[in-house]
Amino acid sequence: MIKIIDAITAPTGAADWYQSALCAQSDPDAFFPEKGQSGKMAKRICGSCEVREECLRYALGNADLSGIWGGLSESERRELRVAARAAELAADAA
């Protein structure tokens with residue numbers, strides 16, 4: 001998995017990698033589940049995607065994105081950002 005701090009500070013432009021993304025060849029509704037619906041299908045597709053890390057970097061660098069990106073939901077990406085900020089604060093305090 002990618003380093004969380006690097007993903008937040010260095011997002012990749014979507015145009016560079018999106019053409020190779022499996023989601024570009026899949027049903028977009030799977031990646032934007034309605035509230036209460038499962039994102040398991042999208043996460044399964046992401047799990048075998050060759051540009052998953054680039055996608056996750058992009059999503060972490062663009063906090064306002066909805067849906068499944070890089071195999072993670074909005075709330076999962078939010079948790080990563082919070083954990084990364086806490087790690088940065090702890091490193092600064094040391």
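A residue counts as buried when its relative accessible area is under 20%. Keep that cut-off in mind as you click around, starting with the whole chain.

**Stop 1: the whole chain**

What you have open is a predicted model. Colour it by secondary structure and you'll find 5 helices and 0 strands. Walk along the sequence and the pattern reads α-α-α-α-α. The chain has 94 residues, and 32% of them count as buried. If you show the surface, its accessible area comes to about 6000 Å², with 51% of that belonging to carbon and sulfur atoms. There's also some long-distance folding to look for: among contacts between residues at least 6 apart in sequence, 55% join residues at least 24 apart.

**Stop 2: colour by confidence**

Now switch the colouring to pLDDT. The mean for the chain is 83, and 84% of the residues reach 70 or more. Which elements have the lowest and the highest mean pLDDT? Helix α1, residues 4-9, sits at the bottom with a mean of 40, while α3 comes out on top with 95. Select residues 1-12 next: pLDDT stays under 50 over this stretch, although the model has 26 contacts for it beyond four places in sequence. Don't zoom in too hard here, because where pLDDT is low, the predicted coordinates should not be read in detail.

**Stop 3: four cysteines**

Select C23, C46, C49 and C55. UniProt lists these four under "binding site", in an unreviewed entry. They're spread over 33 residues of sequence, yet they cluster in space, with a largest C-alpha distance of 10.3 Å. If your viewer can show pockets, find the largest one: C23, C46, C49 and C55 are among the residues in its lining.

Zoom in on C46 next. You'll find C46 in helix α3, residues 40-47. Is C46 buried or exposed? C46 is buried, because its relative accessible area is just 9%, below the 20% limit. Show what surrounds it: beyond its neighbours within four places in sequence, C46 is in contact with F31, R52, I68, G70 and G71.

Then hop to C49, in the loop between α3 and α4. C49 has 14% relative accessibility, so it counts as buried. Setting aside neighbours within four places in sequence, the contacts of C49 are S20, A21 and L22. While you're there, try the distance tool from C49 to G70: they are 21 residues apart along the chain, and their C-alpha atoms are separated by 8.7 Å.

**Stop 4: an aromatic pair**

How many aromatic pairs does a search of the whole structure find? The search turns up 1. Select Y58 and W69 to see the pair: the rings are tilted, 5.6 Å centre to centre, with 35° between the planes. Y58 belongs to helix α4 (residues 52-61), whereas W69 is in the loop between α4 and α5 (74-93), so the pair links distant parts of the chain, 11 residues apart. Turn on the surface around W69 as well: its relative accessibility is 15%, so W69 counts as buried.

**Stop 5: two more distances**

Go back to helix α3 and pick M41. With 46% relative accessibility, M41 counts as partly exposed. Now stretch the distance tool from M41 to G71: the two are 30 residues apart along the chain, but 9.9 Å separates their C-alpha atoms.

For the last pick, select E34, in the loop between α2 (14-17) and α3. Where does E34 fall, buried or exposed? E34 is exposed, because its relative accessible area is 55%. Add G67 to the selection: E34 and G67 are 33 residues apart in sequence, with 9.2 Å between their C-alpha atoms.

Notes
Residues are numbered from 1 along each chain as its sequence is written. This is a predicted model: local features need pLDDT of at least 70, side-chain atom pairs count only at pLDDT 80 or more; totals for chains, interfaces and linings use all residues. Side-chain values use heavy atoms; hydrogens and water are left out. Rings of Phe, Tyr and Trp (its six-membered ring) pair if their centres lie within 6.5 Å; planes under 30 degrees apart count as stacked, over 60 as edge-to-face and the rest as tilted. Helices (H or I, at least four residues) and strands (E, at least two) are DSSP runs, numbered from the N terminus. Buried means under 20% relative accessible area, exposed over 50%, partly exposed in between (1.4 Å probe, protein chains only). Contact means heavy atoms within 4.5 Å. Accessible areas come from the Shrake-Rupley method with a 1.4 Å probe; for residues, only the protein chains shown count as cover. UniProt positions are given in the numbering used here, feature names are shortened, and annotations may be inferred rather than shown by experiment. On a 1 Å grid over the protein atoms alone, a cavity is a set of points where a 1.4 Å probe fits but cannot get out, and a pocket is an open set with protein on both sides within 12 Å along at least five of seven lines; lining residues have an atom within 4 Å of a point. pLDDT is the predictor's confidence in each residue, from 0 to 100.
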